[in-house]
Amino acid sequence: MGTPWYFVALLLTILTSSQGILTTLSQSDQGGYNYDYATVPFLAEVFKLIISGLLLWRETRTATAKITKDWKSVRLFVIPSIIYLIHNNVQFATLTYVDTSTYQIMGNLKIVTTAILFRLFLKRKLSNLQWMAIGLLAVGTTTSQVKGCGEASCDSLFTAPIQGYLLGILSAALSALAGIYTEFLMKRNNDSLYWQNLQLYTFGSLFNVARLIADDFRLGFEKGPWWQRIFDGYSITTWLVVLNLGSTGLLVSWLMKHADNIVKVYSTSMAMLLTMVASIYLFSFKPTLQLFLGIIICIMSLHMYFAPPQTLVDLPTTSDAHPKTLKQVIVEEKTDS
C-alpha cells in the first residue's frame, strides 16, 4: 500500500477544511457567485477522470495493473453516481424547509448512519468503545454548531416543518449509503484503484452533464447552452475550488480502497471543526463556548476510537505472571495435608 492511511486522512482533513473557505472567498462582493456553481462539480469530476486515467496509464506501463473488463462489474459504478445525484437534489429540497444552522446540525446524523450501515452491509464489527466514540463524535460536532440561546436563531432547530426533518434524515442516509457502497465496490476485488476510479468518475461526469443540460432546459436556454459559458466568471479562487474538490475526491477513493468509511467520517468531521477555527481569523467569526466544548469532545472521540483498548482501560497487574492451573492447586493441597 505504501502511504500510511493516517497521512492521507490528515491531508483529506486539511483539504476538506479549506473547501468551505475557498468557496466563500470565490463569492462576489454582493455574496453571490459570478460563475455557474453547477459547473464546479462537473470540472472536478473531469479533473479526477483525467488524473485517474494518467495514473492508470503509468501503472500499466510500469507494473501489471489488474483490470476487470466486464460490463456486469462496470455497471455497478452507476449506482453510487445515481445515489449522489439524488442526494444533491435532496440537499436543496431540505434547505427549502430548514435554515442553514439546522441543516448543518442534522447533517451530523450521517456519522451515526454511516456506522450503522458499516456494520449491517460491510459486516464490520465495532467494539463497544468504538460505538461510544462514534456517538461522542456526533455529539461533539453537533455541540460545536449549536448557537447560543441568546441568539435569534436558537429556536429554529425545533420550529421547522416535519418535511424538513424527514428530508434531513433521508439526506444523511443517502450520504452514508453512497459512501458504504463505494467502499464495497473498491474492495470487492483486487482491481487497480485507478481503473475503479476511471469507471466511477466517468459516470459521475456523465450525470453532471445531464444536470447541466437539465438546468438549461429549466431556464429556457436564456443564458445559452452550458458549454458556451462554462468558464464565465471564473477566477483563480474558483479554479482552486475545482482543484480542491477534485483532489478531495481522489483522496476519499484512496481511503475507501485502503482504509474505510469511519476514517473518512472522522477526517471530514475534524475538517469541519478546523474550518470553524480558521474562520475566526479569516472571516471574523466569533468563537463560542460550544465550539470549544465540541472540539474537546471530538478529540476525545478520536482517541477513543483509534487508540489500542489497553491504553484506555487500566487492567490490574498480577504478581503471578503464570497463574496456576487447577491440577497444580490440587497437588499442592495434597502435599500440604
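**Exercise 1. Find the helix that holds Q196, decide whether Q196 is buried or exposed, and find what its side chain reaches.**

*Solution.* Start with the position: in this predicted model, Q196 sits in helix α9, which covers residues 193-218. Next, look at accessibility. Q196 has a relative accessibility of 1%, and buried means under 20%, so Q196 counts as buried. Finally, follow the side chain: it reaches the backbone oxygen of L185 at 3.2 Å.

**Exercise 2. Describe the secondary structure of the protein chain, and work out how many helices and strands it has.**

*Solution.* Walk along the chain from the N terminus and note each element: the run reads α-α-α-α-α-α-α-α-α-α-α-α-α-α. The totals are 14 helices and zero strands. Now turn to burial: the protein chain has 337 residues, and 42% of them count as buried.

**Exercise 3. Find where UniProt places the feature "transmembrane region", and check how helical the chain is over residues 103-122 and 234-256.**

*Solution.* Begin with the record. The UniProt entry, which is unreviewed, gives this feature at residues 38-57, 77-97, 103-122, 166-186, 234-256, 263-283 and 289-307. Then take two of these stretches and look at the model:

- Residues 103-122 are 85% helix and 0% strand, with 28 Å between the end C-alpha atoms.
- Residues 234-256 are 91% helix and 0% strand, with 32 Å between the end C-alpha atoms.

**Exercise 4. Locate the largest cavity and say which residues line it.**

*Solution.* First count: there is one cavity of 30 Å³ or more. The space in the largest cavity is about 30 Å³. Now list the lining, which is made up of I111, T114, A115, I134, L137, I262, V265 and Y266. Map these residues onto the helices: α6 (109-121), α7 (128-145) and α11 (261-282) are the elements that each give two or more residues to the lining. Last, sort the lining by character: seven residues are nonpolar, one is polar and none is charged.

**Exercise 5. Classify the ring pair of F231 and Y234, then that of Y266 and F306.**

*Solution.* The model holds 15 aromatic pairs, and here we take two of them. The ring centres of F231 and Y234 are 6.1 Å apart and the planes meet at 85°. Planes over 60 degrees apart count as edge-to-face, so this pair is edge-to-face. F231 is partly exposed at 46% relative accessibility, whereas Y234 is buried at 14%.

Now use the same steps on the other pair. The rings of Y266 and F306 have centres 5.3 Å apart and planes at 70°, so they too form an edge-to-face pair. This pair links distant parts of the chain: Y266 belongs to helix α11 and F306 to helix α12 (residues 289-306), and 40 residues separate them. With 2% relative accessibility, Y266 counts as buried, while F306, with 32%, counts as partly exposed. Y266 is a residue you have already met, as one of those lining the largest cavity.

To finish, go back to F231 and Y234 and see the company they keep: together with Y33, Y35, Y37 and W239 they form one aromatic cluster.

**Exercise 6. Examine the backbone at K123 and F221, and say where each residue lies.**

*Solution.* Keep one background point in mind: most residues other than glycine have a negative phi. K123 is not a glycine, yet its phi is positive, at about 55°. K123 lies in the loop between α6 and α7, and its 62% relative accessibility makes it exposed.

F221 also has a positive phi of about 55° without being a glycine. F221 lies in the loop between α9 and α10 (236-258). At 35% relative accessibility, F221 counts as partly exposed.

**Exercise 7. Describe the second largest pocket: what is its volume, and which residues are closest to its centre?**

*Solution.* Take the volume first: it is about 300 Å³. The lining has 14 residues, and those closest to the pocket centre are D36, Y37, L219, K223 and R229. Then sort the lining: five residues are nonpolar, one is polar and eight are charged. Y37 also connects this pocket with an earlier exercise, since it is a member of the aromatic cluster.

Conventions:
Residues numbered from 1 in each chain as written. Predicted model: local features only at pLDDT ≥ 70, side-chain atom pairs only at ≥ 80, totals over all residues. Heavy atoms only, no water. UniProt positions renumbered as here; feature names shortened; annotations may be inferred. Helix = DSSP H or I, 4+ residues; strand = E, 2+ residues; numbered from the N terminus. 1 Å grid on protein atoms, 1.4 Å probe; cavity = no way out; pocket = protein on both sides within 12 Å on 5 of 7 lines; lining within 4 Å. Points joined across faces, edges and corners; volume = space filled by probe spheres on them. Nonpolar A, V, L, I, M, F, W, Y, C, P; charged D, E, K, R; others polar. Phe/Tyr/Trp six-rings, centres within 6.5 Å; stacked < 30°, edge-to-face > 60°. Buried < 20%, exposed > 50% of the residue type's maximum accessible area, 1.4 Å probe, protein only. Polar contact = N/O pair within 3.5 Å; in protein donor to acceptor, adjacent residues only side chain to side chain.
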